[in-house]
Amino acid sequence: MLSALTPQAPDKILALMAAFREDPREAKIDLGVGVYKDATGLTPVMRAVKTAERQLVEAQDTKVYTGLAGDPVFADALSRLVLGDAWPADRLACVATPGGTSAIRQGLELIRMAAPDAALWLSMPTWPNHPAIANYLGVPVREYRYFDAETGGVDFAAMMDDLGRAATGDVVMLHGCCHNPTGANLTLDQWDAVADLIVERDLLPFVDIAYQGFGDGLDADAAGLRALVSKVPEALIAASCSKNFGIYRERTGLLMAIAPSAKRRQVTQGAMAALNRLNFSFPPDHGARVVQMILTDDTLRADWAAELEDVRKGMLSLREALATALRARTGSDRFGFLAAHRGMFSLLGATPEQVEVMRRDHGVYMVGDSRMNIAGLNAATVPILADAIVAAGV
Ligand code: PMP
């Protein structure tokens, strides 16, 4: 049986990480992998997470299973963090999942269960796991234009044009904030217009929010999603705690479904719990419990929010520094979009050949589509990257 398996295509980012490790050059720069790194290149455990973990080890007296949906206190705390004033008390169904990836996976399973013919509309480009999971599950995928390589911004007219062709009941995947890989995001007005289109054409929005707090702040990053949620009858939301709590390996995520009525909420909640049962039974608890402890304790929460704010501001100043360095070298504002982008990533707009030149001649490692992890930079490497971008003729 196993001899029937064929080799999987190697993961491009993991291959890039391996090449980086083997590169003997001291001045090499890793802009590849999607984790936050501080100025010394480390991905630290956040202070509030350390404190909560210490308290948890002390106080926890059982490791018995939680519920199929995870601990409801976690779901309550995280859903309020995401949904804020748009929190729909009696219409919200939630299940904890192993990371944001599984929240997306479980959301797609729910769609397949309820509406097997619905197509999933994905931004072009998007996080490669979106189409990969959908294709594996047999969910039909369509693409909508999103990124304008000329301006480094969103081609909103093209996006609306493409979504205008979606069929009733189709699903529109939106990045809640800090679009991966482009860094280009919708304005609030644009979120409003998308929400109107979704209502008008009877589509289902599915929002993937994996970087809340990395862009303009915890509330600002969720503002578009909240505006959308307050307009539409139904929505799915996949939230990840990997980045904003720095608990990548703990696998902490939440799938939220906003049902059209309190009655439908119950059935939806049951279907989501059943899907958890079928895939992994009980979701992991450690990360979820740490998040729940932080969000429900004023002191821990304030400390976490303050550290997250430092992370966010650090990335913003690296963006400013890179845009300024490129302005000085090119005499133009051609790369101004790097300062306007938000989150960890920016799509530089370099060709694969230029990406290869930057790697070969300058030790700068970025993904082949020219996605850069801005958190891979520090004050010393910004000028090196700016030189490499100019020398490669980007
Ligand atoms: N969505 C997007 C857009 C992401 O970039 C990521 C992380 N790379 C995720 C979801 C899920 O992350 P995780 O499963 O690690 O929580």
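Of the 13 residues around the ligand in this predicted model, those that come nearest are Gly99, Gly100, Thr101, Ser240 and Ser242. Helix H4, residues 99-114, gives the largest share of this shell, with three residues. Sorted by class, the shell holds nine polar residues, three nonpolar ones and one charged one.

**Strand S9 and its partners**

Ser240, one of the residues that come nearest to the ligand, also belongs to strand S9, which spans residues 235-240. Six of the six residues of S9 are buried, and the strand is mostly covered. In a regular strand, side chains alternate between the two faces of the sheet. One side of S9 carries Ala235, Ile237 and Ala239, the other carries Leu236, Ala238 and Ser240, and the residues on both sides are all buried.

With which strands does S9 pair? Strand S8, residues 204-209, pairs with S9 in the parallel sense over four bridges. In this pairing Phe206 is found opposite Leu236 of S9. Between the two strands the chain passes through helix H8, residues 218-229, and the resulting β-α-β crossover is right-handed. Strand S10, residues 253-258, is joined to S9 by six bridges, and these two strands run antiparallel. Here Ala238 faces Leu255 in S10, and Leu236 stands opposite Ala257 in S10.

S10 is itself largely enclosed by the rest of the structure, because six of its six residues are buried. Gly253, Leu255 and Ala257 lie on one face and Leu254, Met256 and Ile258 on the other, all of them buried. S10 also pairs with strand S2, residues 92-97, through six bridges in an antiparallel arrangement. Thr97 has Gly253 in S10 as its bridge partner.

**Two residues in their surroundings**

Val229 is part of helix H8. Is Val229 buried or exposed? Val229 counts as buried because 25 C-beta neighbours lie inside 10 Å. Leaving aside residues up to four places away in sequence, Val229 touches Leu83, Ala86, Ala235 and Ile258. Ala235 belongs to one side of S9, and Ile258 to one face of S10. Val229 and Ser317 are 88 residues apart along the chain, and their C-alpha atoms are separated by 32 Å.

Asp71 sits in the loop between helix H2 (47-59) and helix H3 (72-83). Asp71 is partly exposed because it has 16 other C-beta atoms within 10 Å. Its contacts, not counting residues up to four places away in sequence, are Thr66, Ala288, Arg289 and Gln292. Asp71 and Val49 are 22 residues apart in sequence, and the C-alpha to C-alpha distance between them is 18 Å.

**Backbone features in loops**

Most residues other than glycine have a negative phi, and most peptide bonds are trans. The table lists places that depart from this general pattern.

| Place | Feature | Value |
|---|---|---|
| Met124 to Pro125 | cis peptide bond | omega about -5 degrees |
| Asn180 to Pro181 | cis peptide bond | omega near 15 degrees |
| Cys178 | positive phi | phi near 50 degrees |
| Arg251 | positive phi | phi near 60 degrees |

Pro125 is in the loop between strand S3 (120-124) and helix H5 (129-137). Pro181 is in the loop between strand S7 (171-175) and helix H7 (188-201), and Cys178 is likewise placed between S7 and H7. Cys178 counts as buried because it has 26 C-beta neighbours inside 10 Å. Arg251 is in the loop between S9 and S10. Arg251 is buried because 22 other C-beta atoms lie within 10 Å.

**Domains**

How is the protein divided into domains? The domain assignment gives domain 1 as 10-45 + 308-391 and domain 2 as 65-296. Their C-alpha centres lie 27 Å apart. At the contact, 19 residues of domain 1 meet 24 residues of domain 2. On the side of domain 1 that touches domain 2, the elements that give two or more residues are helix H11 (298-330) and strand S11 (345-347). That side has 10 nonpolar, five polar and four charged residues.

Terms used:
Residues numbered from 1 in each chain as written. Predicted model: local features only at pLDDT ≥ 70, side-chain atom pairs only at ≥ 80, totals over all residues. Buried ≥ 20, exposed ≤ 12 C-beta atoms within 10 Å, placed from the backbone. Pairing = 2+ DSSP bridges. Right-handed = clockwise from strand over helix to strand, strands pointing away. Near = placed C-beta within 6 Å. Nonpolar A, V, L, I, M, F, W, Y, C, P; charged D, E, K, R; others polar. Domains from an automatic or database assignment. Contact = placed C-beta atoms within 7 Å.
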